[in-house]
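Q: I am new to this structure and would like a close look at one part of it. Could you walk me through the enclosed cavities and the helices around them?

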Amino acid sequence: MTLQSAKQTQSATDQQAILRPTPRQQMIVRIKMHYSLQIGASILIAMILMAIFASFLVPHDPYAQDLSNRLVDPIWGSTGTWDHPLGTDSLGRDYLSRLIYGSRIALMIGFSAMLISGVIGTILGVAAGYFGGRVDAVISFIILNRLSLPVTLVALAVVSVVGSSLEVVVVVLGLLIWDRFAVVLRSATLQVRNMEYVAAAEVLGASFPRIIFKDILPNISNHLIVVATLEMAHAILLEAALSFLGMGVQPPLPSWGLMVSEARDFMFFKPWMITVPGVALFLLVLAINLLGDGIRDVTTPEGRN
Amino acid sequence: MLMFAIKRLGLALLVTFTVSIISFSLVRMTGDVATAIAGEGATEADIEIVRQQYGLDRPLSVQYIEWSGKILHGDLGQSLFFQRPVSEILAEKLPVTLTLGLLALGFAVSLAIPLGVLAAVKPNSLIDRISLIIAVLGQAMPTFWFALVMMVVFGVILRWLPVSGSDTLAHFVMPAIALGYYATPAIMRLTRAGMLDVLSSDYIRTARAKGLDTHVILFKHALRNAVIPVVSLAAVQLGFMLGGSIIVESIFSIQGVGHLALISIERADFPVIQGIVLVLAVFYIFLTLLADILNGWLDPRIRIS
């Protein structure tokens with residue numbers, strides 16, 4: 001082999017290296033191929049926009065009662081009119097307006113509860129994974145305790161004593177659902193902790209906050225995002241369930257769970273009344289879950305399996 | 001094996017102890033129990049009498065020791081509303097909830113394992129995609145809403161099943177499905193992943209090379225090994241179901257522990273509430289203990305690590 005041909009193969013591999021897509025480009029390609037992620041993201045963005053611009057979108061005041069127009073059918077029903085596209089509830093309030101305002105409550109509670117539980121779970125999980133030993137034993141014990149408590153029951157009991165309001169529901173849910181954050185981030189941190197770059201940082205004398213924020217957290221952030229979406233969906237479902245049982249968001253706030261609960265008395269005659277808020281809830285949770293699954297697929301090479 | 005079992009048992013007992021403290025302090029931390037018992041419109045003097053009558057004026061540690069001492073003798077205290085021992089009421093209600101939980105688990109397992117196996121045998125086939133869609137949709141469906149929709153469709157429109165009560169097995173069909181479907185996706189994914197793992201192993205290749213019948217390979221060699229982690233997941237899910245039955249029981253008017261919990265919360269019947277929290281937590285702790293020991297027995301790799 002002459003020197004020239006060796007140089008040629010060298011430049012060929014260089015060229016290949018240049019032409020090969022960067023990790024970011026690869027990820028964008030994977031996102032473009034991932035339809036369920038796109039569907040989930042679109043629905044979620046639409047719901048967030050709906051929540052932000054609720055006051056411009058609603059045809060009526062969601063709290064305004066009109067007792068002469070009670071239980072009007074939606075547009076596809078026999079007595080439906082365009083004035084109330086989704087009909088009215090038992091107090092004559094416009095169902096579409098309440099549905100739109102309901103997205104604010106679902107997203108707000110889901111996001112805030114997820115944030116609280118995320119902070120608690122991340123601190124516990126990262127500390128257990130990073131320090132190991134006794135710290136890990138104690139934190140794993142705390143996680144075991146939390147897992148053995150029935151969430152719905154404890155949430156109901158606490159809310160009933162403290163008094164139910166939007167803020168109480170957020171705090172109680174946030175304090176209860178951090179377990180998955182802790183479990184997942186613990187094992188993710190354990191993996192990253194054994195990487196050579198962490199050992200290198202330790203040898204260089206980096207302080208442990210620096211290692212955690214610069215080396216560990218960036219490398220477990222994909223797990224964090226995936227759990228965050230799952231837990232946000234979980235919190236939204238729990239809030240709806242609590243409100244449905246009358247121990248969550250209180251009337252007249254338009255929570256979707258509360259709307260289903262209020263429509264329960266009429267569901268045999270007017271099934272659309274439970275269908276409409278139920279479908280909204282289902283779509284929102286589905287969108288968040290699809291987004292979370294999608295993020296996991298595009299950020300981890302092994303993906304679904 | 002014995003050491004492993006003893007270690008796990010010790011941990012379970014320790015968790016039981018801390019959980020008993022949590023369920024004891026839960027109601028006390030969040031509000032004044034005496035005020036709750038005395039009811040609305042009670043004067044300061046009334047509350048003081050209640051406090052003395054129930055021994056609530058003594059230090060919390062004394063109250064806890066007395067309470068836990070009684071529990072060791074099987075005495076969970078006296079219900080404020082029923083004026084009967086809590087253990088007696090629970091003994092009446094537990095069989096109903098256990099029946100519901102086991103039926104729900106039976107439903108989840110009998111749907112999830114075949115789908116998981118089929119999905120693993122033909123990855124990325126139509127059946128794999130359909131089972132994935134079932135999993136994604138199932139996880140987004142709010143339990144209470146799914147229960148109500150089933151009630152309208154199968155109870156009222158088609159009139160196939162009774163909508164409330166717990167007298168016959170037919171009464172349990174819809175509640176068991178409503179409670180069980182939520183566990184289906186998790187069991188299915190784990191079965192699929194386990195089967196994929198096992199099917200790519202050397203001994204399956206040997207079995208295939210020997211010319212063994214595909215059914216024998218699948219059910220005798222592969223499924224047995226793939227199902228080990230599923231057993232422990234199923235035990236954990238049963239624990240979650242017992243805690244989550246509160247919503248389903250209240251919708252279908254099943255007189256089980258969940259229903260009891262809800263009415264006791266509404267009546268501030270705190271001895272019953274803390275009794276239920278404790279009993280459900282202990283169930284969960286011992287189900288996971290059983291699962292771990294079973295796993296360790298079936299799979300020697302677990303008990304060594």
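**Cavities and the helices around them**

A: Welcome! This is a predicted model, and chain A has an average pLDDT of 84, with 92% of the residues scoring at least 70. Confidence varies along chain A: among its elements, helix α1 (residues 3-19) has the lowest mean pLDDT, 65, while α5(A) has the highest, 92.

Let's go straight to the cavities. Searching the whole structure turns up 2 cavities of 30 Å³ or more. The largest has a volume of about 60 Å³, and the second largest has about 40 Å³.

Which residues line the largest cavity? From chain A come L144(A) and S148(A), and from chain B come R8(B), L11(B), A12(B), V15(B), Y284(B), I285(B) and T288(B). Three helices each supply at least two residues of this lining: α6 (133-148) of chain A, and α1 (2-30) and α14 (270-298) of chain B. Of these, α1(B) gives the most, with 4 residues. Sorted by class, the lining has 6 nonpolar, 2 polar and 1 charged residues.

One of those lining residues, V15(B), is a good place to pause. V15(B) sits in helix α1 of chain B. Is V15(B) buried or exposed? Its relative accessible area is 3%, so V15(B) is buried. Leaving aside neighbours within four places in sequence, V15(B) is in contact with F141(A), L144(A), N145(A) and S148(A) from chain A, and with I285(B) from chain B. Three of these names may look familiar, since L144(A), S148(A) and I285(B) also line the largest cavity. For a sense of distance within chain B, V15(B) and W145(B) are 130 residues apart in sequence, and their C-alpha atoms are 34 Å apart in space.

Now for the second largest cavity. Its lining takes in L153(A) from chain A, together with L242(B), G243(B), S245(B), I246(B), V257(B), G258(B), A261(B), I276(B) and L280(B) from chain B. Helices α12 (228-251), α13 (257-266) and α14 of chain B each supply at least two of the lining residues, and α12(B) has the largest share, 4 residues. By class, this lining has 7 nonpolar and 3 polar residues, and no charged ones. Helix α14 of chain B thus appears here as well as in the lining of the largest cavity.

Helix α12 of chain B deserves another look, as S250(B) lies in it. With a relative accessibility of 14%, S250(B) counts as buried. Apart from neighbours within four places in sequence, S250(B) is in contact with L245(A) and R264(A) from chain A and with L262(B) from chain B.

Stepping back to chain B as a whole, there are 15 helices and 0 strands. Its C-alpha atoms fill a box of roughly 85 × 55 × 30 Å along the principal axes. Of its 305 residues, 49% count as buried. Among the contacts in chain B between residues at least 6 apart in sequence, 73% join residues at least 24 apart.

On the chain A side, we have already met α6, which helps to line the largest cavity. Helix α6 is also among the partners of helix α8 (residues 166-176) of chain A: the buried residues of α8(A) pack against α5, α6, α7 (151-162), α9 (179-193) and α11 (208-244) of chain A. Helix α8(A) is mostly covered, with 8 of its 11 residues buried. These are L166(A), V168(A), V169(A), V170(A), V172(A), L173(A), G174(A) and L176(A).

That brings us to another of those partners, α5(A). How well does the span of α5(A) agree with its number of residues? At 1.5 Å a residue, the 37 residues of this helix (residues 95-131) should span 54 Å, and its end C-alpha atoms are 53 Å apart, which agrees. Because 27 of those 37 residues are buried, α5(A) is largely enclosed by the rest of the structure. Just after this helix, G132(A) takes a positive phi of about 60 degrees.

Within α5 of chain A you will find M114(A), which counts as buried at 10% relative accessibility. Not counting residues up to four places away in sequence, M114(A) touches F181(A), A228(A), E231(A) and M232(A). Its C-alpha atom is separated by 34 Å from that of Q65(A), a residue 49 places away along the chain.

Conventions:
Residues numbered from 1 in each chain as written. Chains lettered and ligands numbered in written order. Predicted model: local features only at pLDDT ≥ 70, side-chain atom pairs only at ≥ 80, totals over all residues. Heavy atoms only, no water. Expected span 1.5 Å × (residues − 1). Buried < 20%, exposed > 50% of the residue type's maximum accessible area, 1.4 Å probe, protein only. pLDDT = per-residue confidence, 0-100. 1 Å grid on protein atoms, 1.4 Å probe; cavity = no way out; pocket = protein on both sides within 12 Å on 5 of 7 lines; lining within 4 Å. Points joined across faces, edges and corners; volume = space filled by probe spheres on them. Nonpolar A, V, L, I, M, F, W, Y, C, P; charged D, E, K, R; others polar. Contact = heavy atoms within 4.5 Å.
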